[in-house]
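Biologist: I have a new model open on my screen and want to know what backs up the labels on it. Can you walk me through the reasoning?

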Amino acid sequence: MSTHRSRTRVGPGTAHRAGPLDVDALLADRTTQIVVCCGSGGVGKTTTSAALALRAAEQGRKVVVLTIDPARRLAQSMGIAELDNTPRPVADVDGTAGGSLDAMMLDMKRTFDEVVLSQASPEKAEQILANPFYIALSSSFAGTQEYMAMEKLGQIHREHVQGSGDYDLIIVDTPPSRSALDFLDAPERLSSFLDGRFVRLMLAPAKGPARLMTAGFSLITNALTKILGAQFLKDLQTFVAALDTVFGGFRQRAQKTYSLLQADGTAFLVVAAPEPDALREAAYFVERLSEDAMPLAGLIVNRASAVPVSDLSAEEAVAGAERLLVEDPDSLTAGLLRLHADRARLVEREGELRDRFATAHPQVATAVVPALAGDVHDLDGLRRVGDLLGEVTTDAEPESTQRR
Amino acid sequence: MSQRPKVRLHVVTGKGGTGKSTVASALALALATAGRNVLLCEVEGRQGIARMFDVDPLPYEERRLTTGLPDAEGGRGVVHALHIDAESALLEYLAMYYRLGRAGRALDRFGVIEFATTIAPGVRDVLLTGKVYEAVQRNSRNKGAIQYDAVVLDAPPTGRITQFLNVSNELAGLAKVGPIRSQSDTMMTLFRSPRTAVHLVTVLEEMPVQETADGIAELRGADLPVGSVIVNQVRPRDLSPAALQAARAGTLDRAAIRTDLERAGLAGVDTLTEGLVAEAHDHAERRALEDSQRAVVERLGVPTCELPRLAGGIDLGALYELAGMLREQGMTGGPR
Ligand SMILES: Nc1ncnc2c1ncn2[C@@H]1O[C@H](COP(=O)(O)OP(=O)(O)OP(=O)(O)O)[C@@H](O)[C@H]1O
Ligand SMILES: Nc1ncnc2c1ncn2[C@@H]1O[C@H](COP(=O)(O)OP(=O)(O)OP(=O)(O)O)[C@@H](O)[C@H]1O
Ligand SMILES: [Mg+2]
Ligand SMILES: [Mg+2]
């Protein structure tokens with residue numbers, strides 16, 4: 001294994017398939033400082049992030065994992081059930097290789113509040129924090145969570161990786177984005193929103209003459225007042241005026257974090273389920289990442305159906321079951337054969353889906369993680385997922401999985 | 001179940017990826033019996049419906065989508081589809097209620113529409129639910145519009161559904177008075193009435209079931225009517241309870257299986273037997289987990305209905321198949 005891995009920065013069209021993804025090599029590479037797990041909702045981003053973090057820590061890295069809305073039991077078993085927005089050491093991690101694991105769960109609103117507090121004077125901050133628009137923005141603006149995750153990532157990287165050195169690897173979970181890569185777009189969206197025409201208009205009276213606009217503007221404010229009430233506009237004006245001072249620094253930091261994501265020390269892993277929608281989203285992620293020159297390390301196909309032990313085809317199994325059922329309608333063996341057929345069909349379909357993905361994106365290295373029988377809610381479960389991630393699955397070579 | 005025919009608005013929620021869009025689509029097909037018009041709405045901007053029915057992306061305009069599942073006499077109603085986005089809903093609202101045709105466009109030019117629909121999530125949700133309300137409760141302002149017998153909403157996920165429907169509460173901080181405020185109160189009256197049913201889709205796994213339980217408690221706390229829990233993607237039930245137990249305990253009768261396989265004319269029976277026994281063990285473990293989650297679902301005190309996981313995936317045929325199962329299980333209020 002060469003010490004310098006090459007991460008994909010090219011679009012489709014690269015000659016041959018990248019083959020299996022070597023997760024352990026990625027984690028062992030000391031130049032890897034940040035791993036971002038992205039993907040559509042429910043595919044296993046949080047599980048994968050936590051499993052990778054635990055595995056890296058037990059292999060000797062000093063890891064912090066930034067999770068978003070982990071399942072309750074998983075959070076409890078990692079000791080991060082409380083939201084206090086600071087990483088806490090995870091108990092029962094095997095530190096014999098010299099590594100360690102801290103974990104935290106992102107508190108979106110609190111991160112936002114902290115930014116405001118650090119940027120504005122105490123009175124001004126108080127005014128902002130109490131404004132109903134700020135409350136709406138900080139708790140549910142589409143993309144706020146993504147933006148705050150990036151904010152927290154930037155902060156931990158500055159203070160703990162470049163600064164104190166208590167961590168050498170940050171693993172970042174991402175929220176279930178409504179649209180792929182919301183977290184790349186969020187800073188831009190927030191900035192363009194704050195630079196938007198309406199916000200500028202709202203600020204205009206305070207900033208001097210904007211005569212051209214005033215006629216149209218009063219038409220609008222009248223309409224808004226009519227529909228939403230006068231208080232609405234007053235709150236809005238206060239909010240916009242207050243934020244203007246705060247957000248200069250915000251934008252700058254967002255830009256820095258964005259460059260950090262493009263840097264060589266970062267690796268993106270796209271997580272997907274072996275389903276058409278999730279793989280379509282994954283394809284979109286892959287394309288966006290390469291457009292934005294973000295370093296993509298590979299695709300993780302999570303919760304794949306386990307390949308059946310026997311390679312009897314689904315059709316033969318069904319035919320056999322039917323013959324048995326003629327004689328005995330309760331035949332146990334017929335039931336077993338039908339189960340086998342069901343599984344064989346699933347596996348075949350998943351293999352086809354992966355193959356299609358690989359044909360369109362041959363440059364993307366892939367790891368396949370089979371579904372465990374139960375949920376993953378403790379360190380042992382995470383270790384098992386970590387082991388599966390670490391196994392270099394030759395299975396990921398899509399042609400070889402085609403079962404007949 | 002006997003109340004079902006009263007339901008005009010079916011809201012389908014559930015944890016992400018459990019099958020909200022699939023179930024909402026199948027339910028719309030099931031509800032469209034002879035002579036009935038059904039509207040299937042989407043609000044999240046994902047174009048899931050268009051993909052599912054393999055049609056062009058839906059505009060902000062009601063489109064005829066397909067015909068419903070035939071009933072016993074072979075009659076079928078019509079399913080229409082609508083993709084609701086907040087910007088269009090606001091412009092339509094301004095035009096309909098304020099005749100703000102021109103000023104509405106001026107608002108757009110000044111970025112107000114974008115502002116109102118992005119920053120204020122409360123406003124956004126009111127606009128989306130407002131259009132749904134309009135479709136259920138058609139009045140004379142919307143001339144020549146189709147009267148729907150039922151509206152099915154492919155809704156936001158469980159974590160957001162109560163906030164989404166609880167519009168007057170969401171607006172409380174933002175708009176304290178004014179017409180939007182009083183209209184949102186009227187909308188709440190419909191959402192809280194027996195004419196609305198919020199269905200929760202889940203799979204038999206711990207997290208989605210937990211989220212379903214939390215969601216039901218939240219809905220009830222906000223006086224929103226809980227409909228059914230739809231358990232989706234249920235594993236095949238090809239083995240009896242006794243066989244499952246034996247499979248888990250590793251006591252399946254290998255010799256008998258071997259003989260059966262030979263009788264069925266299959267080759268390589270030794271490895272095949274071992275393979276089937278191992279697969280059965282795996283399956284039985286998962287079934288045991290499913291059963292424990294099913295017990296949790298049953299304790300929720302909500303009518304339930306189950307849909308199997310279709311190994312071939314979801315296509316148009318599969319949607320009709322699922323629609324038939326929903327109808328059979330009483331989800332449409334008809335005879336079982
Ligand atoms: N390989 C696996 N085998 C079995 N269960 C798994 C596996 N990976 C994830 N799960 C389970 O799937 C569920 C969803 O996983 P997870 O919470 O990690 O997804 P997510 O992508 O973070 O979801 P969200 O988008 O909602 O944040 C959890 O219950 C988890 O335990
Ligand atoms: N009964 C079923 N059998 C087989 N596959 C199913 C079934 N129900 C849903 N699916 C598949 O599961 C995936 C998720 O379903 P769907 O898109 O309906 O979920 P959703 O809850 O709307 O997801 P999202 O939260 O992303 O909107 C799809 O690939 C769909 O085809
Ligand atoms: Mg998650
Ligand atoms: Mg959907």
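Biologist: Why is the site of ligand 1 called shared between chains?

Modeller: Keep in mind that this is a predicted model. The residues that surround ligand 1 come from chains A and B, so the site is shared between them. The shell holds 19 residues, and G42(A), K45(A), T46(A), T47(A) and L372(A) come nearest.

Biologist: What makes the pairing of ligand 1 with the side chain of K45(A) a polar contact?

Modeller: An oxygen atom of ligand 1 sits 2.7 Å from an N or O atom in that side chain of K45(A). The cut-off is 3.5 Å between N or O atoms, so the pair qualifies. By that rule G44(A) counts too, because one of its backbone N or O atoms lies 2.8 Å from a ligand 1 oxygen. With N302(A), a nitrogen atom of ligand 1 is 2.9 Å from a side-chain N or O atom. As for cover, ligand 1 has 640 Å² of accessible area on its own, and the protein covers 93% of it.

Biologist: Which elements give two or more residues to the shell around ligand 1?

Modeller: In chain A they are α2 (45–58), β7 (296–304) and β8 (366–370). The most comes from α2(A), with 3 residues. By class, the shell divides into 8 nonpolar, 7 polar and 4 charged residues.

Biologist: On to ligand 2. How do you know which chains its site belongs to?

Modeller: Residues from chains A and B surround ligand 2, so this site is shared between chains. There are 17 residues around ligand 2, with K20(B), S21(B), T22(B), R46(B) and L310(B) the closest. The shell has 3 nonpolar, 8 polar and 6 charged residues. The largest share, 3 residues, comes from α1(B).

Biologist: What makes S21(B) a polar contact of ligand 2?

Modeller: A side-chain N or O atom of S21(B) is 2.8 Å from an oxygen atom of ligand 2. That is within 3.5 Å, so the pair counts. Backbone atoms join in as well: a polar one of G17(B) is 2.9 Å from a ligand 2 oxygen, and for G19(B) the distance is 3.0 Å. Taken alone, ligand 2 exposes 630 Å², of which the protein buries 86%.

Biologist: Why is S25(B) called buried?

Modeller: Its relative accessibility is 0%, and buried means under 20%, so S25(B) counts as buried. S25(B) sits in helix α1 of chain B. A polar atom of the S25(B) side chain lies 2.8 Å from the backbone oxygen of S21(B). Leaving out residues up to four places away in sequence, S25(B) touches L40(B), M52(B), F53(B) and L319(B).

Biologist: One last label: what makes F112(A) and Y134(A) an edge-to-face pair?

Modeller: Two numbers decide this, because an aromatic pair is described by the distance of the ring centres and the angle of the planes. For F112(A) and Y134(A), the centres are 5.3 Å apart and the planes are at 80°. Pairing needs centres within 6.5 Å and edge-to-face needs over 60 degrees, so both conditions hold. The count by this rule is 1 aromatic pair over all chains. F112(A) lies in helix α4 (residues 108–119) and Y134(A) in helix α6 (residues 132–140) of chain A, so the pair ties together parts that are 22 residues apart in sequence. Both F112(A) and Y134(A) are buried.

How values were computed. Residues numbered from 1 in each chain as written. Chains lettered and ligands numbered in written order. Predicted model: local features only at pLDDT ≥ 70, side-chain atom pairs only at ≥ 80, totals over all residues. Heavy atoms only, no water. Near = heavy atom within 4 Å. Polar contact = N/O pair within 3.5 Å; in protein donor to acceptor, adjacent residues only side chain to side chain. Areas by Shrake-Rupley, 256 points an atom, 1.4 Å probe, with all protein chains shown as cover. Helix = DSSP H or I, 4+ residues; strand = E, 2+ residues; numbered from the N terminus. Nonpolar A, V, L, I, M, F, W, Y, C, P; charged D, E, K, R; others polar. Phe/Tyr/Trp six-rings, centres within 6.5 Å; stacked < 30°, edge-to-face > 60°. Buried < 20%, exposed > 50% of the residue type's maximum accessible area, 1.4 Å probe, protein only. Contact = heavy atoms within 4.5 Å.
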